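I opened the notebook to record what I could look up about one protein, beginning with its overall make-up and then turning to a few helices.

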Amino acid sequence: MASLIRDKDGKKRIGFNSLDGRPMTLWLGKCADRVAIEVQRHVEAILSAAAADVPVDPRTADWLGRIGDDLHRKLASKGLVAPRQTAKDVAAEGLLGPFLATYIASRSDVKPLTLAKYETARRELVAFFGFDKPLVSVSQGDADSFRRHLATGRGNRPRAENTVRKIIANAKVFFGGAKRLRLIPENPFADQKASILANSKRMVFVSRETIDTVISACPNAYWRLIVTLARYGGLRIPSELAITWDDVDWERGRLLIRSPKTAHHHGRDERMIPLFPEVRTALDEVWQLA
């Protein structure tokens with residue numbers, strides 16, 4: 001969908017067709033091959049998302065938030081992204097759509113999965129209030145209406161309460177940011193309930209027989225390891241899958257697990273689990289392949 005072209009003088013460019021079929025070129029100048037390849041990959045992701053009318057994937061969204069203004073302007077000039085607004089522009093407008101886009105793009109400190117959740121909440125807010133809704137005009141009553149709207153869901157399928165709470169939690173983050181920037185006097189979502197509730201109806205004991213049937217149906221050793229780590233190792237999937245061979249202590253029978261979801265709590269950024277027989281067997285199978 002996008003091709004990397006290397007010129008004789010060392011300069012590089014990305015060739016692609018716009019959604020209406022027009023050939024276009026994104027000039028990168030002289031840069032390392034790995035940089036050009038990364039740009040090519042993300043351009044393809046942007047084009048694929050636009051063709052399917054869906055948001056870009058979290059990794060590309062994160063990349064767009066981190067790149068410099070010069071490259072971002074080049075992408076915008078080719079219609080691949082909207083022009084980047086400065087905080088001053090957003091403050092001058094005080095509109096919901098531009099503010100949310102700028103705020104999310106500025107959050108280079110959060111993980112891709114969090115950015116994806118931000119994007120979901122952004123779409124819901126803009127769909128309900130409108131892109132040009134002044135931030136200052138969103139009241140506590142509007143926040144109540146938005147919550148009721150979320151709860152109705154789509155069609156005849158109401159949203160689960162925890163799904164509503166997750167979106168409301170991100171709305172609180174957005175408007176809290178607007179308040180700190182002094183764009184609004186108060187956060188209209190401040191008193192909305194957003195803590196996740198325990199749902200005993202979704203709790204079920206997965207028997208050894210069931211999980212072993214699932215493991216036997218996995219297509220390869222890597223998938224068998226993932227399912228084994230989830231069931232027998234108790235890992236969060238996928239956030240705790242960043243495991244390297246250095247984390248495996250074969251001699252002591254231990255495995256180091258890094259926990260990004262709890263890393264902001266003191267002393268809970270990682271934990272050790274035993275190499276249970278099932279986990280050791282699955283790791284050994286992947287080790288042999290590696």
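The entries below go from the whole chain to single helices.

Entry one, the ground rules. I noted that this is a predicted model, in which local features need pLDDT of at least 70 and side-chain atom pairs count only at pLDDT 80 or more, while totals for chains, interfaces and linings use all residues. Residues are numbered from 1 along each chain as its sequence is written, and side-chain values use heavy atoms, with hydrogens and water left out.

Entry two, the whole protein. I found eleven helices and six strands, taken as DSSP runs (H or I of at least four residues for helices, E of at least two for strands) and numbered from the N terminus. Of the 290 residues, 37% are buried, meaning under 20% relative accessible area with a 1.4 Å probe, protein chains only.

Entry three, helix H2. I looked up residues 58–66 and saw that Thr60, Asp62, Trp63 and Leu64 are buried there. These buried residues of H2 pack against H1 (33–52), H3 (69–77) and H6 (112–129), where contact means heavy atoms within 4.5 Å. At the N-terminal end of H2, Asp57 acts as a cap, with a side-chain oxygen 3.0 Å from the backbone nitrogen of Arg59.

Entry four, helices H9 and H10. Arg208, Ile211, Val214 and Ile215 in H9 meet Arg224, Val227, Thr228 and Arg231 in H10. I sorted the residues of this contact into four nonpolar, one polar and three charged, counting Ala, Val, Leu, Ile, Met, Phe, Trp, Tyr, Cys and Pro as nonpolar, Asp, Glu, Lys and Arg as charged, and the others, Gly among them, as polar.

How values were computed
Buried means under 20% relative accessible area, exposed over 50%, partly exposed in between (1.4 Å probe, protein chains only). A polar contact is a pair of N or O atoms within 3.5 Å; within protein, one must be able to donate a hydrogen and the other to accept it, and residues adjacent in sequence count only if both atoms are side-chain atoms.
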